[in-house]
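User: I should like to understand how the descriptive words used for a protein model are justified. Please take me through the reasoning step by step.
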Amino acid sequence: MANSAVKSVFAPGLFKSRVAIVTGGGTGIGQAISRELAHLGCSVVIASRKADRLAAAAEKLAVDCREGARVHHTVCNIRQEADVQRLVSETLDKFGRLDFLVNNGGGQFVCPASDMKLKGWNAVIETNLTGTFLCIREAHRQWMKRNGGSIVNIVMDAYKGWPMFAHSAAARSAVENLSKTLAVEWASDRIRINCVAPGIIYSETAVANYGEQGREVFLRSKARVPARRFGHVEEISAAVAFLCSPAAGYVTGQTLYVDGAVSLYRTQFFDVPEFEPAEGWYWEESSKAKL
Ligand SMILES: CCCCC/C=C/C(=O)SCCNC(=O)CCNC(=O)[C@H](O)C(C)(C)COP(=O)(O)OP(=O)(O)OC[C@H]1O[C@@H](n2cnc3c(N)ncnc32)[C@H](O)[C@@H]1OP(=O)(O)O
Ligand SMILES: NC(=O)C1=CN([C@@H]2O[C@H](COP(=O)(O)OP(=O)(O)OC[C@H]3O[C@@H](n4cnc5c(N)ncnc54)[C@H](OP(=O)(O)O)[C@@H]3O)[C@@H](O)[C@H]2O)C=CC1
């Protein structure tokens, strides 16, 4: 077996005999999560729409497997209920259990809200909210209700909204709220559910998703990050490994921001254009702002 490049800070064998599903596990952040989990002994099922990318990633991932861990890849569009049902049943047939579900598959396109077509809105809501819900529900129905588990949802920093990403910001906030609900509703099933909100994380596929604007938009956003750099995919996978680990055994219903403090700083990647402000409400001319 060739040498794995993974350098996890977590103890070797931490996830020995454990099994994870990572949606979108063939690229970017999802691939890093899959590799770190496999390196820690976890058997991993990666699932997304594009078979070729998945197969290539699974081959690379096999090198990272440790202590009996195995890797499996399967095509799954998380927007399709039947696909998701099969993803979970196939995982159980193959590996006999399901300890971790990482809902990482997702994304969006840049678009002003008023230009957005219903089809585009629905595509993003169905991917990021409904797809995540279907994966969570199916993991619960088929395994976690009786056996417990840890669920991690990759969201984005949508607390203050995100102009040009109205669809995705709405969907991600809904996922955070869903996670809080289920942390309570399923606590007695011994299920923990948390979110990780990445800041601006560099990967080739993430940049490519925005076409010709991608490089420029990413570069422009760097100036708004207090840490003055992009995050690395490994910095997200480490957060996910922590949330799956026993060290996070009392952490549930939370969102962990891994973002170089961007969520505390210039959180809007959008400048309000110049315009003639409204008069506002006042009783007397003397109360009108003079400055
Ligand atoms: C900018 C700084 C960002 C920093 C933070 C980074 C955040 C990240 O999340 S990076 C990760 C990026 N990766 C992805 O987004 C990957 C997944 N994305 C997708 O698969 C698509 O973007 C998707 C969510 C729209 C789903 O794709 P799909 O189901 O294949 O949908 P279609 O391509 O067929 O499009 C359906 C519909 O959506 C509208 N639409 C799509 N692209 C655009 C666009 N660029 N502008 C405006 N509208 C768009 C459109 O209505 C499409 O239908 P048609 O009208 O029939 O084309
Ligand atoms: N990079 C960043 O700065 C940030 C990323 N995020 C989020 O992190 C996650 C990973 O993004 P990142 O790795 O950067 O970008 P990628 O574009 O590399 O990852 C997106 C992944 O989602 C999969 N995916 C998309 N739609 C579906 C679907 N319907 N069914 C199954 N899988 C799907 C894609 O695979 P396929 O095309 O094969 O289906 C792909 O593997 C995404 O949810 C993203 O929005 C959040 C904040 C910031």
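Analyst: We begin with a definition: the radius of gyration is taken over C-alpha atoms, and the globule rule is 2.2 Å times the number of residues to the power 0.38. Please note that this is a predicted model.

User: How do you know whether the radius of gyration of the chain agrees with that of a compact globule?

Analyst: For 291 residues, the rule gives a radius of gyration near 19 Å; the chain has 21 Å, and therefore the value agrees with a compact globule. Along the principal axes, the C-alpha atoms fill a box of roughly 75 × 40 × 35 Å. The secondary structure of the chain comprises 8 helices and 7 strands.

User: What makes α3 oblique to α4?

Analyst: Two packed helices are described by the angle between their axes and the distance between the axes. Helix α3, residues 81–95, packs against α4 at an angle of about 40 degrees, and the axes are 9 Å apart. Angles under 35 degrees count as roughly parallel, and 65 to 115 as roughly perpendicular. The angle of about 40 degrees belongs to neither class, so α3 is oblique to α4. The crossing of α3 past α4 is right-handed.

User: Which residues bring α3 and α4 together?

Analyst: From α3, the residues E81, V84, Q85, V88, S89 and L92 take part, and they meet L134, C135, E138, A139, Q142 and W143 of α4. By class, the residues of this contact are 7 nonpolar, 3 polar and 2 charged.

User: Which element gives the largest share of the shell around ligand 1?

Analyst: The largest share comes from α4, with 5 residues. Of the 19 residues around ligand 1, those that come nearest are G107, F109, G120, A206 and N209. Two or more residues of this shell come from each of α4 and α7, the latter spanning 214–222. The shell around ligand 1 divides into 11 nonpolar, 6 polar and 2 charged residues.

User: How many residues of each class make up the shell around ligand 2?

Analyst: The shell around ligand 2 holds 9 nonpolar, 17 polar and 4 charged residues. Glycine counts as polar in this scheme, and G24, G28, G105 and G106 are among the residues that come nearest to ligand 2, together with T205, out of 30 around it. The elements giving two or more residues to this shell are α1 (28–39), α4 (118–147) and α6 (204–208). The largest share, 3 residues, comes from α1.

How values were computed
Residues numbered from 1 in each chain as written. Chains lettered and ligands numbered in written order. Predicted model: local features only at pLDDT ≥ 70, side-chain atom pairs only at ≥ 80, totals over all residues. Near = placed C-beta within 6 Å. Helix = DSSP H or I, 4+ residues; strand = E, 2+ residues; numbered from the N terminus. Axes fitted to C-alpha atoms, helices over the stretch in contact; angles between N-to-C directions. Parallel < 35°, antiparallel > 145°, perpendicular 65-115°, else oblique. Left-handed = near helix turned anticlockwise from the far one by under 90°. Contact = placed C-beta atoms within 7 Å.
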